[in-house]
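Let's take a friendly walk through a protein model, one feature at a time. Have the structure open as you read.

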Amino acid sequence: MPHPLDNPIWNALNTGSAMFSSGNENCKFLNSEMGFFVGLPSYDGESLEYLHSICKLGQRIILFPPGRITVSKCWKVLNDHELLQMVCTSDPEPKVLDGPLTQLAEKDVPAMLELIELTKPGPFLSRTIDFGGYVGLFHEGKLISMAGKRLSPDPYVEVSAVCTHPDFVGKGLSNKVMRRVIAEIKQAEKIPFLHVYPENTPAIKLYTKLGFEPRASLRTYFLEKIG
């Protein structure tokens, strides 16, 4: 049997994140207000041609194929990058957490979008918060660090939107918010996983301390239909 994380978007949009998806047995789209993710059962030429045929001109999509794909000239490539997939296989190293963590809600979305724009951990839209499980740290009323949940290819749940304001980097804040997200995922009897660029050594070092191990190398494509 294929592993659920071999094709995480497709499996998420058919299992744990199915309530946010639309489509058919050939293609699944995430709610466009939550993100650009599109899942395909395979990434061969026929599947990619079908995807092109049902997308609108100007539509943007994100794919996570297992490797390089052939992108036609009908798409503008906004991003094409290797992804390291990591899975939490052990509990984080013991650490005393001080300072209050806030469960982020709809009223916090403007602050979340401001932090995302500053730190650019990846696409985050007005309704991405609907995935749930976002927690943050505030300093003098300003959101300075956050993390949350994203795709859920059952029984796995993705940790995402991990970011800290540049003025507060190096203070262990991402460690703190991630620990809360990881704990909530495990309390639900699910398994945390995440994606990171393989050259992001500081992030990988943090994730390793939190119990994550490399599982697979995937690829991410951010595409816009132009023809």
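## A starting point: Gln85

In which strand is Gln85 found? Gln85 belongs to strand 5, which covers residues 75-88. Keep in mind as you look that this is a predicted model.

Is Gln85 buried or exposed? Its relative accessible area is 0%, and because buried means under 20%, Gln85 counts as buried. Leaving aside residues up to four places away in sequence, Gln85 touches Leu5, Pro8, Phe193, Leu194, His195, Glu213, Pro214, Arg215, Ala216 and Leu218. Arg215 will come up again in the next section, where Arg215 has a charged partner.

## Charged pairs

Side chains of opposite charge can pair when their charged atoms come close. How many salt bridges does the structure hold? There are 13 salt bridges in the structure. One of the pairs is Asp6 with Arg215, whose closest N and O atoms are 2.6 Å apart. This pair links distant parts of the chain: Asp6 sits in the segment before helix 1 (8-14), Arg215 is in strand 11 (residues 212-225), and the two are 209 residues apart. Asp6 is partly exposed, with a relative accessible area of 34%. Arg215 is also partly exposed, at 30% relative accessibility.

A second pair to find is Asp80 with Arg219, where the closest N and O atoms are 2.6 Å apart. Here too, distant parts of the chain are linked, with Asp80 in strand 5 and Arg219 in strand 11, 139 residues apart. Asp80 is partly exposed at a relative accessible area of 30%, whereas Arg219 counts as buried at 12%. Asp80 and Arg219 also belong to a network of salt bridges that takes in Arg68. For another example, look at Glu117 and Lys120, which form a salt bridge with their closest N and O atoms 3.0 Å apart. Both Glu117 and Lys120 are exposed.

## The two sides of helix 5

Now turn to helix 5, made of residues 201-209. Which of its residues are buried? Ala203, Ile204, Leu206 and Tyr207 are. They cover an arc of only 160° around the axis, so they lie on the same side of helix 5. On the other side of the helix, Thr201, Pro202 and Lys205 are exposed.

What do the buried residues of helix 5 pack against? Their partners are strand 5, strand 9 (156-164), helix 4 (173-187), strand 10 (191-196) and strand 11. Strand 5 is also the home of Gln85. Just after helix 5 comes Gly211, which takes a positive phi of about 100°.

## A glycine in strand 1

For a contrast with Gln85, find Gly23 in strand 1 (residues 21-24). Is Gly23 buried or exposed? Its relative accessibility is 53%, and since exposed means over 50%, Gly23 counts as exposed. Gly23 and Leu13 are 10 residues apart along the chain, and their C-alpha atoms are separated by 9.4 Å.

## Space inside: the cavity

Rolling a probe the size of a water molecule over the atoms shows where empty space is left. A search of the whole structure finds one cavity of 30 Å³ or more. The largest cavity has a volume of about 60 Å³.

Which residues line the largest cavity? The lining is made up of Leu30, Met34, Gly35, Phe36, Phe37, Ile62, Pro123, Phe124, Thr128, Phe131 and Arg150. Sorted by class, this lining has eight nonpolar, two polar and one charged residues.

## Space open to the outside: the pocket

The largest pocket has a volume of about 1,300 Å³. It is lined by 44 residues, and the closest to its centre are Lys120, Pro121, Val162, Asn200 and Tyr207. Two of these names are familiar: Lys120 forms a salt bridge with Glu117, and Tyr207 is one of the buried residues of helix 5.

Which strand gives the most to the lining of the largest pocket? Strand 9 does, with seven residues. Strand 5, helix 3 (109-119), strand 9, helix 4, strand 10, helix 5 and strand 11 each supply at least two residues of this lining. By class, the lining of the largest pocket holds 24 nonpolar, 13 polar and seven charged residues.

Technical notes: Residues numbered from 1 in each chain as written. Predicted model: local features only at pLDDT ≥ 70, side-chain atom pairs only at ≥ 80, totals over all residues. Heavy atoms only, no water. Helix = DSSP H or I, 4+ residues; strand = E, 2+ residues; numbered from the N terminus. Buried < 20%, exposed > 50% of the residue type's maximum accessible area, 1.4 Å probe, protein only. Contact = heavy atoms within 4.5 Å. Salt bridge = Lys/Arg side-chain N within 4 Å of Asp/Glu carboxyl O. Arc of directions from axis to C-beta. 1 Å grid on protein atoms, 1.4 Å probe; cavity = no way out; pocket = protein on both sides within 12 Å on 5 of 7 lines; lining within 4 Å. Points joined across faces, edges and corners; volume = space filled by probe spheres on them. Nonpolar A, V, L, I, M, F, W, Y, C, P; charged D, E, K, R; others polar.
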